[in-house]
Amino acid sequence: MISIKNEQEIELMRISGQITYGALSGLKDFIKPGITSKDIDKYCYDYITSHDAVPSFLGYEGFPATACISINDVVVHGIPDDTVIKDGDIVSVDLGSIYKGYHSDSAYTYIVGKTSKKNRKFVSDTQKALYKGISVIKEGIKLNQVCSAIGRVAKENHYGVFTCLTGHGVGRDLHEDPYIPNLSNHESEGIILKAGMTLAIEPMFSLGTKEVWLLPDEWGIVTQDGSLSAHFEHTVLVTKDGYEILTGE
């Protein structure tokens, strides 16, 4: 069952979403060469807790940090550590906050310093895919229209799409139904969006393979060929005639 949120629940998710958005926005100036991924994680923890919220990820199924910080070929779920951020790194930060029992979930990929035009375009295209997927959302459409819009960007640019990693519903729980793959699929054809649904839309692409490895820490997921990955995510409310992004302006 896909939950439909009432107005009170939606308002709590709006507040949660603005907290998550604020943390990720602040990182645009905070992330620079010489800091560590632990420094980024501390920034996120301090920001969320100073806004009367709780980090969604900290302790979730044993995850030991506030943010998933994934660098270069790490796709998702990177554990913050003493790794020093270098010029040219591609750093994805996936973050969630809980406000009065309701989650928001968002991710942003930061380009640190200088990188190639190819890498810059790749990151930009992954973000473009997020907004292409969001742009079709409204009550009455099939979920697969969202999945197809995201996947079309990857296909046109020959990027890898990780079939084992998807978006999801979000609300009282961090992960709710439905799963939201980043490419066209049969299961999503049978799901009709309704006003009040809250969805975490999150394209994750690679510059090469769609195949991944699980790191020995049993959290981090990396591309099998070592190619770069990028990840963008918003929590989105389905409305009667469109959508509202809860983790953005």
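Let's start with a yardstick: a residue is called buried when its relative accessible area is under 20%, exposed when it is over 50%, and partly exposed in between (1.4 Å probe, protein chains only). By that yardstick His 77, at 27% relative accessibility, counts as partly exposed.

A word on what you're looking at. This is a predicted model, where local features need pLDDT of at least 70, side-chain atom pairs count only at pLDDT 80 or more, and totals for chains, interfaces and linings use all residues. Residues are numbered from 1 along each chain as its sequence is written, and side-chain values use heavy atoms, with hydrogens and water left out.

## Two helices that meet

Helices and strands here are DSSP runs, numbered from the N terminus (H or I with at least four residues for a helix, E with at least two for a strand). In general, two packed helices are described by the angle between their axes and the distance between the axes. Helix H1 covers residues 7-30, and its axis comes within 10 Å of the H2 axis, crossing at roughly 140°. Those axes are lines fitted to C-alpha atoms, for helices over the stretch in contact, and the angles run from 0 to 180 degrees between N-to-C directions.

The crossing of H1 past H2 is right-handed. That word applies when the near helix is turned clockwise from the far one by less than a right angle, while anticlockwise would be left-handed.

Which residues in H1 and H2 meet? On the H1 side they are Ile 19, Gly 22, Ala 23, Gly 26, Leu 27 and Phe 30, and on the H2 side Asp 39, Ile 40, Tyr 43, Cys 44, Tyr 47 and Ile 48. Contact means heavy atoms within 4.5 Å.

## Rings in the neighbourhood

Some of those names come back when we look at aromatic rings. Rings of Phe, Tyr and Trp (its six-membered ring) pair if their centres lie within 6.5 Å; planes under 30 degrees apart count as stacked, over 60 as edge-to-face and the rest as tilted. Searching the whole structure turns up seven aromatic pairs. One of them is stacked: Tyr 43 and Tyr 47 have ring centres 6.5 Å apart and planes at 20°. These two tyrosines sit four residues apart in helix H2 (residues 37-50), so about one helical turn separates them. Tyr 43 is partly exposed at 24% relative accessible area, and Tyr 47 is partly exposed too, at 21%. Ring pairs also bring in Phe 30, which joins Tyr 43 and Tyr 47 in a cluster.

Just past H2, His 51 lies in the loop leading to strand E1 (54-55). His 51 is partly exposed, with a relative accessible area of 34%. Leaving aside residues up to four places away in sequence, His 51 touches Ile 19 and Tyr 99. His 51 and Tyr 99 are 48 residues apart in sequence, yet their C-alpha atoms are 9.0 Å apart in space.

## Strands and a hairpin

Two strands pair if DSSP finds at least two bridges between them. Three strands make an open sheet, ordered E3-E12-E11, with antiparallel pairing. Strand E3 (74-76) and strand E11 (212-214) are the edges, each pairing on one side only. From one strand to the next, the twist averages 40°. E11 and strand E12 (residues 221-223) are joined by three bridges, and Leu 214 stands opposite Ile 221 in E12.

Elsewhere, strand E7 (residues 167-169) and strand E8 (residues 176-180) run antiparallel, joined by three bridges. Gly 167 has Ile 180 in E8 as its bridge partner. A hairpin of six residues connects E7 to E8. Strand E8 also holds Pro 178, and the peptide bond from Asp 177 to Pro 178 is cis, with omega near 5°.

## Two positive phi angles

Neither residue in this table is a glycine, yet each has a positive phi.

| Residue | Phi | Loop | Relative accessible area |
|---|---|---|---|
| Glu 61 | about 50° | between E1 and strand E2 (68-71) | 66%, exposed |
| His 77 | about 65° | between E3 and strand E4 (90-99) | 27%, partly exposed |

## Cysteines on their own

How many disulfides are there? The count is zero, where a disulfide is a pair of cysteine sulfur atoms within 2.5 Å. Cys 68 is in no disulfide, and the nearest cysteine sulfur, in Cys 44, is 10 Å away. Cys 68 is buried, at 6% relative accessible area. Why does Cys 147 not form a bond? Its closest cysteine sulfur, in Cys 164, is 15 Å from the sulfur of Cys 147, which is too far. Cys 147 is buried as well, at 0% relative accessibility.
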